Amino acid sequence: MNSIEFRELTKSYGASRAVDHLTFDVLPGRVTGFLGPNGAGKSTTMRLLLGLDRPTSGTATVGGQRYRDLQDPLRRVGALLDAQAAHGGRTARDHLRVLAAAGRIPEGRVQEVMEQTGIASVADRRIKSFSLGMRQRLGIASALLGDPEVLLLDEPTNGLDPEGIVWIRELLRELAADGRTVLVSSHLMSETAAFADHLVVLGRGRLLADTSMEEFIDARSTPRVRLRTSEPDRLRAALSRQGFELTGAGGGRWTVEGIQAERLGRIAAGEGVPVLELADERVSLEQAYLDLTAEHAQFAATR
Ligand SMILES: Nc1ncnc2c1ncn2[C@@H]1O[C@H](COP(=O)(O)OP(=O)(O)OP(=O)(O)O)[C@@H](O)[C@H]1O
């Protein structure tokens, strides 16, 4: 099994709790977005899983085993934690070769992952000359090197240009479609919505949500319809008989709360009122996410 399991995972630094009794699973075959405001505990959770830090209590395991007990850990779990960590004096190719040797990974993988991540043409340049986006791609290449079933990527879109962001989105989807377990942290909902199937949201080290992207959206959106009509008065009367209110939105547009386009369309058709435009409006995901995390956001200035 290649799922990741967190059970009552807790990490305290002195009096402050970076991770607080966290329990959730990350399952294979889908991309799990790991969201939370700055300081919510995402990186700490990933570090605890990789054995880079010790939990105060609780466990973090891959297929029931702690990372340090895994055989061939680089072939089981690939991680991008800090794209700046690579040694600047080395070339990208040498950096990957050293990692391959350490992880008992066939050297042929080095060229493969450089091609997969679009850095083959700069393979022999020193890493210190790399832009943040190129370092990020190198970090992803390192994570993919052992062809692992489990991938942990901490803010992988950091520093990527729009083309890079589209590329990583597709890469994440392909990795999940292969049946891999993919956990990707971000503090941006809008970005995460573009690639994640499932969401885990943290706030101050605590679990705030563990839900499919679809449920997250449905649970937080009150239905609302936006429309244009040439006969607002007749539509208003028809809607009000059904308990709905037509509200002016300016520019000849109207909104109706608490109804979906399908039902509104039927009401209008039943009355013979022409509808020129009709669309369901979805709640802004970023807003739903901000609402969820607002009371848990941790800013140095307020501490
Ligand atoms: N080594 C450490 N010593 C003391 N405090 C730490 C240490 N590492 C993390 N923390 C604290 O733990 C909390 C969680 O930090 P963490 O980096 O895990 O959050 P994050 O969700 O990854 O945030 P970001 O999006 O900013 O990376 C923060 O308050 C941070 O200051």
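User: Two residues are in contact if their C-beta atoms, placed from the backbone, lie within 7 Å. With that settled, which strands does helix 9 lie across?
Analyst: This is a predicted model. Helix 9 spans residues 232-241 and runs at about 140° to strand 11. The strands that helix 9 lies across are strand 10, strand 11 and strand 12.

User: Which strands does helix 10 touch?
Analyst: Helix 10 covers residues 261-271 and packs on the sheet. Its direction makes about 155° with that of strand 13. Helix 10 touches strand 10, strand 12 and strand 13.

User: Which strands stand at the edges of that sheet?
Analyst: The sheet is open, has four strands and is paired antiparallel, in the order 11-12-10-13. Each edge strand has a single partner, so one side of it is left without a neighbour in the sheet. The edge strands are strand 11 (246-250) and strand 13 (275-280).

User: What is the average twist from one strand to the next?
Analyst: The order is 11-12-10-13. From one strand to the next, the twist averages 30°.

User: Which residue is the bridge partner of Arg226?
Analyst: Strand 10 (residues 224-229) and strand 12 (residues 253-257) pair in the antiparallel sense, over five bridges. The partner of Arg226 lies in strand 12. That partner is Thr255.

User: How many bridges join strand 1 to strand 2?
Analyst: Strand 1 (residues 4-13) and strand 2 (residues 16-26) form a hairpin with two residues between them. Gly14 sits in the turn, with a positive phi of about 60°. Lys11 has Val19 of strand 2 as its bridge partner. The number of bridges joining these antiparallel strands is seven.

User: Which element supplies the largest share of the shell around the ligand?
Analyst: Residues around the ligand include Tyr13, Asn38, Thr44 and His187. By class, the shell has three nonpolar, eight polar and one charged residue. Strand 2 and helix 1 (42-49) each supply at least two shell residues. The largest share, three residues, comes from helix 1.

User: Is helix 3 roughly parallel or roughly antiparallel to helix 5?
Analyst: The axes of helix 3 (residues 92-102) and helix 5 (residues 132-144) come within 10 Å and cross at roughly 25°. Angles under 35 degrees count as roughly parallel. Therefore the relation of helix 3 to helix 5 is roughly parallel.

User: Which residues of helix 5 meet helix 3?
Analyst: The crossing of the two helices is right-handed. Their contact has five nonpolar, two polar and no charged residues. Helix 3 brings Ala92, His95, Leu96 and Leu99. They meet Leu138, Ala141 and Ser142.

Terms used
Residues are numbered from 1 along each chain as its sequence is written. This is a predicted model: local features need pLDDT of at least 70, side-chain atom pairs count only at pLDDT 80 or more; totals for chains, interfaces and linings use all residues. Two strands pair if DSSP finds at least two bridges between them. A residue is near a molecule or strand if its C-beta atom, placed from the backbone, lies within 6 Å of it. Ala, Val, Leu, Ile, Met, Phe, Trp, Tyr, Cys and Pro count as nonpolar, Asp, Glu, Lys and Arg as charged, and the others, Gly among them, as polar. Axes are lines fitted to C-alpha atoms, for helices over the stretch in contact, and angles run from 0 to 180 degrees between N-to-C directions. Angles under 35 degrees count as roughly parallel, over 145 as roughly antiparallel, 65 to 115 as roughly perpendicular and the rest as oblique. A crossing is left-handed if the near helix is turned anticlockwise from the far one by less than a right angle, and right-handed if clockwise.
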